[in-house]
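Please look over the sequence and the model before reading on. The paragraphs that follow begin with the chain as a whole and then turn to single elements and residues.

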Amino acid sequence: MNGLISSYLILAAILFCVGLYGALSKKNAVIVLLSIELMLNAVNLNLLAFAKLGEHPSLTGQIFSLFNITVAAAEAAVGIAILISLYRNKGTSDVTEMDEMKH
């Protein structure tokens with residue numbers, strides 16, 4: 001069982017690193033939001049792996065994962081709404097040009 005949890009943790013670390021790279025290096029705001037979602041999914045994978053395969057299996061990790069999915073959905077909805085508003089005002093989705101909140 002110890003080998004199985006380490007494979008989940010390695011996969012989650014890879015997902016988190018890919019998401020972190022995308023969030024820090026990409027200029028397109030949609031890609032940045034997708035990268036943040038990828039990092040949140042890596043956290044969910046860790047929570048579920050520890051909840052199922054940890055020393056004391058319980059539902060706590062699954063409940064935290066559901067809470068995390070709820071927060072991610074709300075973040076995506078608000079983020080996309082802000083991006084659509086900024087795109088309408090500025091005509092671009094480049095995050096380097098979105099450095100001010102007021103015209």
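In this predicted model, among the contacts in the chain between residues at least 6 apart in sequence, 58% join residues at least 24 apart. The secondary structure behind these contacts consists of three helices and zero strands, and, read from the N terminus on, the elements of the chain follow the order α-α-α.

The overall dimensions can be taken next. Along its principal axes the C-alpha trace of the chain spans about 55 × 25 × 15 Å, and the radius of gyration of the chain is 17 Å, whereas a compact globule of 103 residues would have one near 13 Å. Of the 103 residues of the chain, 26% count as buried, while the surface that the chain exposes comes to about 7200 Å², with carbon and sulfur atoms supplying 70% of it.

How do two of the helices lie against each other? In general, two packed helices are described by the angle between their axes and the distance between the axes. For helix 2 (residues 29-53) and helix 3 (residues 60-90), the axes come within 9 Å and cross at roughly 175°. Because angles over 145 degrees count as roughly antiparallel, this crossing makes helix 2 roughly antiparallel to helix 3.

The residues that form this contact can be followed along both elements. From helix 2, the participants include A29, V30, L33, I36, E37 and L40, and further along V43, N44, L47, L48 and A51; in helix 3 they meet residues including G61, Q62, F64, S65, N68 and I69, together with A72, E75, A76, G79, I80 and L83. Sorted by class, the contact of helix 2 with helix 3 has 15 nonpolar, six polar and two charged residues.

Three single residues help to show how the surroundings vary within these elements. G79 is found in helix 3 and is one of the residues there that meet helix 2; with a relative accessibility of 13%, G79 counts as buried, because the cut-off for buried is under 20%. Although G79 and V30 are 49 residues apart in sequence, their C-alpha atoms are 8.8 Å apart in space.

I69 also lies in helix 3 and also takes part in the contact with helix 2, but I69 is partly exposed, with a relative accessible area of 44%. The C-alpha atoms of I69 and N41, which are 28 residues apart along the chain, are separated by 8.1 Å.

L34, by contrast, has its place in helix 2. Is L34 buried or exposed? Its relative accessible area is 53%, so L34 is exposed, and the C-alpha atoms of L34 and R88, which are 54 residues apart along the chain, are separated by 20 Å.

Key. Residues are numbered from 1 along each chain as its sequence is written. This is a predicted model: local features need pLDDT of at least 70, side-chain atom pairs count only at pLDDT 80 or more; totals for chains, interfaces and linings use all residues. Side-chain values use heavy atoms; hydrogens and water are left out. Axes are lines fitted to C-alpha atoms, for helices over the stretch in contact, and angles run from 0 to 180 degrees between N-to-C directions. Helices (H or I, at least four residues) and strands (E, at least two) are DSSP runs, numbered from the N terminus. Angles under 35 degrees count as roughly parallel, over 145 as roughly antiparallel, 65 to 115 as roughly perpendicular and the rest as oblique. Contact means heavy atoms within 4.5 Å. Ala, Val, Leu, Ile, Met, Phe, Trp, Tyr, Cys and Pro count as nonpolar, Asp, Glu, Lys and Arg as charged, and the others, Gly among them, as polar. The radius of gyration is taken over C-alpha atoms; the globule rule is 2.2 Å times the number of residues to the power 0.38. Buried means under 20% relative accessible area, exposed over 50%, partly exposed in between (1.4 Å probe, protein chains only). Accessible areas come from the Shrake-Rupley method with a 1.4 Å probe; for residues, only the protein chains shown count as cover.
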